[in-house]
Amino acid sequence: MVVEGVTYEVNWKAFKRGTSIFIPCLDPQKAKRQIREVLTRLKITVVTKVVIEEGIRGVRMWKT
């Protein structure tokens, strides 16, 4: 998955319900759109939220 030009290797089979991933980004709205495009194609549903963790802004997504 590529978000804002950075490639993330995610083992989608290990991404079980209730687990989450944090993706750091500069433009959270653009990042959310890019994430949604990939996950829609893979038929994976998630909930996303823009958060700041340890002083870094990004998108956290939880599998539903």
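What pLDDT does the chain average, and what percentage of the residues score at least 70? In this predicted model, the chain averages a pLDDT of 93, and 100% of the residues reach a score of at least 70. When the elements of the chain are ranked by mean pLDDT, strand β1 (residues 2–3) comes lowest at 91, whereas strand β4 (residues 46–53) comes highest at 96.

The chain is built from one helix and five strands, and these follow one another along the sequence in the pattern β-β-β-α-β-β. The chain has a radius of gyration of 11 Å, which agrees with the value near 11 Å that a compact globule of 64 residues would have. Along its principal axes, the C-alpha trace spans about 30 × 20 × 20 Å. Among contacts between residues at least 6 apart in sequence, 52% join residues that are at least 24 apart. Of the 64 residues, 34% are buried, while the accessible surface of the chain comes to about 4400 Å², with 53% of that surface belonging to carbon and sulfur atoms.

From these totals one can turn to strand β3 (residues 20–24), whose side chains alternate between two faces: I21 and I23 point to one face and are buried, while S20, F22 and P24 point to the other and are not buried. Strand β3 runs antiparallel to strand β5 (residues 56–63), and five bridges join the two. I23, one of the buried residues of β3, has V59 as its bridge partner in β5.

Aromatic rings offer another view of the interior, and a search of the whole structure finds one aromatic pair. This pair is formed by W12 and F15, with 5.5 Å from centre to centre and 70° between the planes, an edge-to-face arrangement. Both W12 and F15 are buried.

The loops hold two residues with a backbone feature worth inspecting. E4, found in the loop between β1 and β2 (6–7), has a positive phi of about 50° although it is not a glycine. Because its relative accessibility is 26%, E4 counts as partly exposed. K43, found in the loop between α1 (28–42) and β4, likewise has a positive phi, here of about 60°, and is not a glycine. With a relative accessible area of 76%, K43 is exposed.

Notes. Residues numbered from 1 in each chain as written. Predicted model: local features only at pLDDT ≥ 70, side-chain atom pairs only at ≥ 80, totals over all residues. Heavy atoms only, no water. Phe/Tyr/Trp six-rings, centres within 6.5 Å; stacked < 30°, edge-to-face > 60°. Buried < 20%, exposed > 50% of the residue type's maximum accessible area, 1.4 Å probe, protein only. Helix = DSSP H or I, 4+ residues; strand = E, 2+ residues; numbered from the N terminus. Pairing = 2+ DSSP bridges. pLDDT = per-residue confidence, 0-100. Rg over C-alpha atoms; globule rule 2.2 N^0.38 Å. Contact = heavy atoms within 4.5 Å. Areas by Shrake-Rupley, 256 points an atom, 1.4 Å probe, with all protein chains shown as cover.
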